[in-house]
Amino acid sequence: MNSGTEIRERSGPASSPESQADIDLQAVWHVLIIIVAGSAIALIPADVAPELIELTPQQPSRYGYTASLALFGLPLLRLGYWLLRRTDLVMARRACLTSLSIVLPVWCLLDVLLGRSFFTFPNTGAHIPWMFWGYAFDGTGFARSIPLEEFGFYLTGIAAILLLYIWSSEVWMSKYSHSDADRKADVDKRIAEGRPIINIHWGAIGTGAALFGTALLWKYFGPHNHHEGFPGYFLFLVLTAIIPISMFVRTVRPFVNWQAFSFTMVILMLVSLLWEVTLGIPYQYWGFQESQMLGIFVTAWSNLPIEEPLLWVAAAWLNVTSYEMIRIYLASGLSLSEFLGRLKATEAA
C-alpha cells in the first residue's frame with residue numbers, strides 16, 4: 001500500500017528496547033508531574049475540611065473553582081506545545097484543531113442555554129465575580145448567572161482530553177495506531193464497492209429513545225424521592241453523546257487506538273474524581289438542580305447525580321469519535337461535499 005506518498009505519521013524512527021524504555025519512563029514522569037502539579041494548585045485554596053463547610057459571607061476555598069482549572073490547563077499547555085512542535089503530525093494537528101473548532105463552541109452554547117436549568121453555583125467566592133448570561137426554561141429567561149470558569153472548563157477540559165488521546169496514540173502506544181494511508185484506503189474501498197462511508201443506522205436512534213423512555217419511567221415511578229421535574233440532564237446526554245457516538249462508532253472503530261483511549265479514560269476518571277468529588281461538590285463550586293436529574297445519586301460522592309460520571313465517559317467517547325471521524329475525512333482527500341455525498345442512512349445489521 002506504500003505508493004511513495006504514504007501519509008503515515010509515527011512518533012519517530014525505530015529505537016532499541018533500552019532507549020524506548022527510557023522514552024516510556026519519561027512519559028510516565030511527565031504525566032505524574034503534570035497531574036501532581038495541577039492537583040496541588042487546585043487544592044491550595046481548599047483550606048476548610050469538606051465536612052465543616054458552611055457558606056458564609058467569607059466563602060471557603062476563595063477562587064477555588066478558578067484555581068482548579070489548572071487540572072486541565074497545565075496538561076493542555078504541555079500537550080499543545082508538544083503537538084505544535086511535531087511537524088510530522090500535520091494530519092493529526094489539522095484533525096485536532098478542526099474537531100475542537102466544532103465541539104468547543106457547541107458545548108459553550110449548550111452551557112448558555114442549559115446551564116441554569118441543570119446547575120447551581122452556591123459558593124460565589126469560589127469564582128471570579130463576573131458572570132455570563134444563561135437561560136432558564138422556568139420563565140425567567142436570560143440572567144447573568146454562569147461563572148466564566150464554566151467556559152474555561154469546557155475550553156481547557158475538552159481540549160486536554162483530546163490532546164491526551166492524540167499524544168498517547170502517537171507516542172506512547174504508537175504501535176497500536178493506524179496510518180492515514182489506511183484511512184484513505186478504507187474510504188476508497190467503500191467507494192469502489194458502492195458502500196457508504198458513514199453508516200447512520202436508525203437502530204442507534206431507537207436505542208437512545210429506549211434509554212430515555214426508561215429514564216422517564218424511573219424518574220416518575222422509581223423508588224426514590226425525586227419524582228418532581230423532568231430528567232433533562234439525561235435527555236441532554238442522549239441527544240449530544242449517546243446517539244452521535246452510536247451513529248459513527250462503526251465507521252471510526254477500526255482506526256481508534258483503543259489502548260490510547262483506555263489510558264485517556266483512566267486519567268480522565270482520576271482527574272474528575274479529584275476535581276468534582278473532592279473539590280467541586282463538597283466546596284459547592286457548583287451543584288445540581290435535582291428536579292432535572294434522574295433521581296440516582298452517589299451518596300459516597302456527596303450525592304453526585306449519576307449523570308455526571310456518565311458525562312465524563314461520554315465526553316471521552318465523543319471527543320475521540322469526532323476527532324477520528326474528521327481525520328478519516330481529511331485523509332480521504334475528498335472535498336466536504338463529496339464526503340457528505342457518500343453519507344447514507346442504512347439499517348443496523
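**Entry 1: Trp-317 and its partner**

I started at Trp-317, which counts as partly exposed at 28% relative accessibility. The model I am reading is predicted. Trp-258 is also partly exposed, and its relative accessible area is 30%.

I then looked up two aromatic pairs, one of them built on these tryptophans; the structure holds 33 aromatic pairs. For each I noted two values, since a pair of aromatic rings is described by the distance of the centres and the angle of the planes.

The rings of Trp-172 and Phe-263 have centres 5.2 Å apart and planes at 80°, so I entered the pair as edge-to-face; the cut-off for that class is over 60 degrees. Trp-172 sits in helix α5 and Phe-263 in helix α9, 91 residues apart, and the pair links distant parts of the chain. Trp-172 is partly exposed at 24% relative accessibility, while Phe-263 is buried at 15%.

Back to the tryptophans: the ring centres of Trp-258 and Trp-317 lie 5.6 Å apart with the planes at 50°, so this pair is tilted. Trp-258 belongs to helix α9 and Trp-317 to helix α10, so the pair ties together parts 59 residues apart in sequence.

**Entry 2: Cavities**

Next I checked for enclosed space and found seven cavities of 30 Å³ or more. The largest cavity has a volume of about 140 Å³. I counted 14 residues in its lining, with Phe-119, Glu-150, Phe-153, Tyr-154 and Glu-308 nearest the centre. Helices α5 (148-172), α9 (258-280) and α10 (307-332) each supply at least two residues of that lining. By class, the lining of the largest cavity has 11 nonpolar residues, three charged and no polar ones.

The second largest cavity comes to about 110 Å³. I listed its lining as Trp-107, Phe-153, Tyr-154, Gly-157, Ile-158, Ile-161, Leu-311, Trp-312 and Ala-315. The elements giving two or more residues to this lining are α5 and α10. The largest share, five residues, comes from α5. I sorted the lining of the second largest cavity into eight nonpolar residues, one polar and no charged.

**Entry 3: The whole chain**

Last, I took the overall figures. The protein chain has 11 helices and eight strands. Of its 349 residues, 50% are buried. Among contacts with a separation of 6 or more, 77% are between residues 24 or more positions apart. I noted an accessible surface of about 16,800 Å² for the protein chain, with 67% of it belonging to carbon and sulfur atoms.

Note on methods: Residues numbered from 1 in each chain as written. Predicted model: local features only at pLDDT ≥ 70, side-chain atom pairs only at ≥ 80, totals over all residues. Heavy atoms only, no water. Helix = DSSP H or I, 4+ residues; strand = E, 2+ residues; numbered from the N terminus. Buried < 20%, exposed > 50% of the residue type's maximum accessible area, 1.4 Å probe, protein only. Contact = heavy atoms within 4.5 Å. Areas by Shrake-Rupley, 256 points an atom, 1.4 Å probe, with all protein chains shown as cover. 1 Å grid on protein atoms, 1.4 Å probe; cavity = no way out; pocket = protein on both sides within 12 Å on 5 of 7 lines; lining within 4 Å. Points joined across faces, edges and corners; volume = space filled by probe spheres on them. Nonpolar A, V, L, I, M, F, W, Y, C, P; charged D, E, K, R; others polar. Phe/Tyr/Trp six-rings, centres within 6.5 Å; stacked < 30°, edge-to-face > 60°.
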